[in-house]
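Reader: I've got a structure open on my screen and I'm not sure where to begin. Can you walk me through a bit of it?

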Amino acid sequence: MELKNKKVLVAGSGKSGIAAADLLKKIGAKVTIYDGNQNLDREDVLSGLENREEVEVILGELPKTVVSHMDLMILSPGIAIDAPFVNEVRAAGVPIWGEVELAYVTGKGKVVAITGTNGKTTTTALTGEILASYYEKVDVVGNIGIPYTHTALNSTEDTVTVAEISSFQLETIHTFHPNVSAVLNITPDHLNRHYTMECYTNVKMSITKNQCGDEPVILNYEDEILRAYAPKLHNKIIWFSSKQALEEGIYLEGKNIVYATKSGKQVITTTEDTTLVGIHNIENIMAAIGISLMMGVPTDIIKKAITKFKAVAHRIEYVDTIDDVIYYNDSKGTNTDASIKAIEAMSRPTVLIAGGYDKNVSFDQWAASFGGKIKYLVLLGETSDQIAESVQKYGFEKIIFTKSLEEAVKVSKEKAEPGDAVLLSPACASWDMFDSYEQRGDMFKELVKKSK
């Protein structure tokens, strides 16, 4: 679609929506920003734009007369695709894209796309660093923090874009076509939005739908859902495994990360070459290796970049050691599977801070992962009662309810003894009490520092 002079409705006035509106303005589209929150200030919405001239802002209810005059709608990922106004736009025959589709259509160069329930940010950041060590121009974008639409117009045929893509973003792709894709894992998450695991899985796997037969997808062999889905794929599969040797693929052999092909095998790096904690991070490293190999990066460059790489903020991030108690910020542990991985990574008795926004998932498997490792469970947020019921079913009774993160940190410090760890790994999203997991994690780090 030629977008110049087209009337485009951008739904959502957050970071993604504003970046999309800026891109559209630059290519000559006529932009209207819509947000259902009628309490927003129009001037505040417009203040985020580089060029606000002739941009209309509609807040509250979306008039049908506006919909009938639109050529396209760009839907921000935070808005459900079955929201009433979205259904009205769809019924009116207006095409609906996401900002990923918009960025892809207007961008240039090669694209690497990474999705999965957990590990996306670490894998994307590491992949970006590896590729930047080899390619001249690499943009790391998407759910990692920088909207894809923010960089698309500056891309060239020589650009490599490494994009972290969420399930919400994948719901609105049409022609998006990565040269290499990766699906790290699929575990229950966002079922309040996707309703069923089948729907969630299909959305995640749609990252491959436009790839050709010789274009690779990197998959986790230890994920049962991915193994079951693999026969449906038409493109080249590169497996990685943390538990068993593969005839072809990337796997862990003792401390060595090995790449096996029909012509033989070679050690790419070792687990001693990284500061990342936990087997899940070894899986993230293997995924990044697979992507980088498929992008033609030499193995010596891959190893060097892995050695230099530091943990991503908010993902089992070391904060401080106070009175021989180590504090870890895992605010990005926004679902049970991610939090289980953080718990498994702890090598000390642990005071765990958890709870938050309810995404309609079970906490039973998470509760069963405690073993003898968790000393106290400090709860906050709207899921507190639900979590408490789950852990009590598994015989865990050392539960403390708090009303704020400040109180949770204070109580955790009181309960932790020398040789222990305090881990913020909520197993829930942050939206009941915070704007984002970043805000939650940053506040945790500040509170820990102040507690000295």
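Reader: Let's start with a hole inside. What volume does the second largest cavity have?

Author: Keep in mind that this is a predicted model. The second largest cavity has a volume of about 40 Å³.

Reader: Okay, and which helix gives the largest share of the lining of the second largest cavity?

Author: Look at who lines this cavity: Leu184, Asn185, Asn220, Phe240, His280, Glu283, Asn284 and Lys341. Now check those against residues 279-294, a stretch that supplies three residues of the lining. That stretch is helix α12.

Reader: How many of the lining residues of the second largest cavity are polar?

Author: Sort the lining by class. Two residues are nonpolar and two are charged. The polar ones number four.

Reader: I see Asn220 in that lining. Which strand is it in, and is it buried or exposed?

Author: Asn220 belongs to strand β10, which spans residues 216-220. On one side of that strand it sits with Pro216 and Ile218, while Val217 and Leu219 are on the other. Both faces are covered, so to speak, and Asn220 in β10 is buried.

Reader: Which strands does β10 pair with?

Author: Three bridges join β10 to a parallel strand, with Ala182 opposite Ile218. Another five bridges join β10 to a second parallel strand, where Leu219 stands opposite Trp239. The partners are β9 and β11.

Reader: What handedness does the unit made by β10, helix α11 and β11 have?

Author: Follow the chain from β10 through helix α11, residues 224-229, to β11. Together they make a β-α-β unit, and it is right-handed.

Notes. Residues are numbered from 1 along each chain as its sequence is written. This is a predicted model: local features need pLDDT of at least 70, side-chain atom pairs count only at pLDDT 80 or more; totals for chains, interfaces and linings use all residues. Side-chain values use heavy atoms; hydrogens and water are left out. Buried means under 20% relative accessible area, exposed over 50%, partly exposed in between (1.4 Å probe, protein chains only). Helices (H or I, at least four residues) and strands (E, at least two) are DSSP runs, numbered from the N terminus. Two strands pair if DSSP finds at least two bridges between them. A crossover is right-handed if, with the strands pointing away from the viewer, the path from the first strand over the helix to the second runs clockwise. On a 1 Å grid over the protein atoms alone, a cavity is a set of points where a 1.4 Å probe fits but cannot get out, and a pocket is an open set with protein on both sides within 12 Å along at least five of seven lines; lining residues have an atom within 4 Å of a point. Grid points are joined across faces, edges and corners, and a volume is the space filled by probe spheres set on the points. Ala, Val, Leu, Ile, Met, Phe, Trp, Tyr, Cys and Pro count as nonpolar, Asp, Glu, Lys and Arg as charged, and the others, Gly among them, as polar.
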